[in-house]
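Here's a friendly walk through one protein model, piece by piece. Have a look at it first, and then we'll go through how its parts fit together.

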Amino acid sequence: MARVPGPPPLEGLRRQIERSRREKSAGNGHFVRETFRLERQAAREKAREWFDLWPKAAYWTEVESWRILEGDRIEFTMRRLPSAD
């Protein structure tokens, strides 16, 4: 009867995953991100400013994440493409 081979060595895969993670963290993705911590009304105005300067249709502008802090302050991250090309 033929011998069933064991699982393949995973060292090559491990190196490839580590290299990919290093490259991603160095490049920080393809988006421009900026995080703000502002009072609620100022946060709305800042988000509107981003959408006015970099329209969503061209730059994929969006509020990536947000949360409410103490004192009715909002922490949020805006994200957009660096150019509309």
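## The sheet

Keep in mind that this is a predicted model. A good place to start is β3, which pairs with strand β1 (residues 32-39) through eight bridges, the two running antiparallel. Strand β2 (residues 62-69) also runs antiparallel to β3, and seven bridges join that pair.

Put together, that gives an open sheet of three strands in the order β1-β3-β2, with antiparallel pairing. β1 and β2 are the edge strands, each pairing on one side only. From one strand to the next, the twist averages 15°. As a bit of background, strands of a sheet pair through backbone hydrogen bonds, either parallel or antiparallel.

## Who faces whom

If you'd like to trace the pairing by eye, a few matched residues help. V32 stands opposite R80 in β3. On the β2 side, S65 stands opposite T77, and W66 has F76 as its bridge partner.

β2 and β3 form a hairpin with three residues between the strands. Look there for G71, which takes a positive phi near 75°.

## The helix and the core

Now for the helix. α2 lies across β1, β2 and β3, and it runs at about 155° to β1.

Which residues make up the largest nonpolar core? There are seven: F36, A43, A47, W50, I74, F76 and M78. Two elements, α2 (40-53) and β3 (73-80), each give two or more residues to this core. That fits a broader pattern: in soluble globular proteins, nonpolar side chains tend to be buried together.

W50 is a core residue worth clicking on. Leaving out residues up to four places away in sequence, W50 touches V32, E34, F36, T61, M78, R79 and R80.

Why is β3 largely enclosed by the rest of the structure? Seven of its eight residues are buried, so the strand has the rest of the structure around it.

## A network of charges

By the rule used here, the model has nine salt bridges. Four residues, R33, E62, E64 and R79, are linked in a network of them.

Take R33 and E64, whose side chains meet in a salt bridge at 3.0 Å, N to O. R33 lies in strand β1 and E64 in strand β2, so this pair ties together parts that are 31 residues apart in sequence. Both ends are partly exposed: R33 has 37% relative accessibility, and E64 has 31%.

R79 shows up in two of these links. The side chains of R79 and E62 meet at 3.0 Å, N to O; R79 lies in β3 and E62 in β2, so they connect parts 17 residues apart in sequence. The side chains of R79 and E64 meet at 3.5 Å, N to O, and this pair ties together parts 15 residues apart. Is R79 buried or exposed? With a relative accessible area of 17%, R79 is buried, since the cut-off for buried is under 20%.

## A closer look at E62

E62 sits in strand β2 and is partly exposed, with a relative accessible area of 28%. Setting aside residues up to four places away in sequence, E62 touches F51, T77, M78 and R79.

How far apart are the C-alpha atoms of E62 and R80? They are separated by 6.6 Å, although the two residues are 18 residues apart along the chain.

Definitions and conventions. Residues are numbered from 1 along each chain as its sequence is written. This is a predicted model: local features need pLDDT of at least 70, side-chain atom pairs count only at pLDDT 80 or more; totals for chains, interfaces and linings use all residues. Side-chain values use heavy atoms; hydrogens and water are left out. A nonpolar core is a set of buried Ala, Val, Leu, Ile, Met, Phe, Trp, Tyr and Cys residues joined through side-chain atoms within 4.5 Å. Buried means under 20% relative accessible area, exposed over 50%, partly exposed in between (1.4 Å probe, protein chains only). Helices (H or I, at least four residues) and strands (E, at least two) are DSSP runs, numbered from the N terminus. Contact means heavy atoms within 4.5 Å. Two strands pair if DSSP finds at least two bridges between them. Axes are lines fitted to C-alpha atoms, for helices over the stretch in contact, and angles run from 0 to 180 degrees between N-to-C directions.
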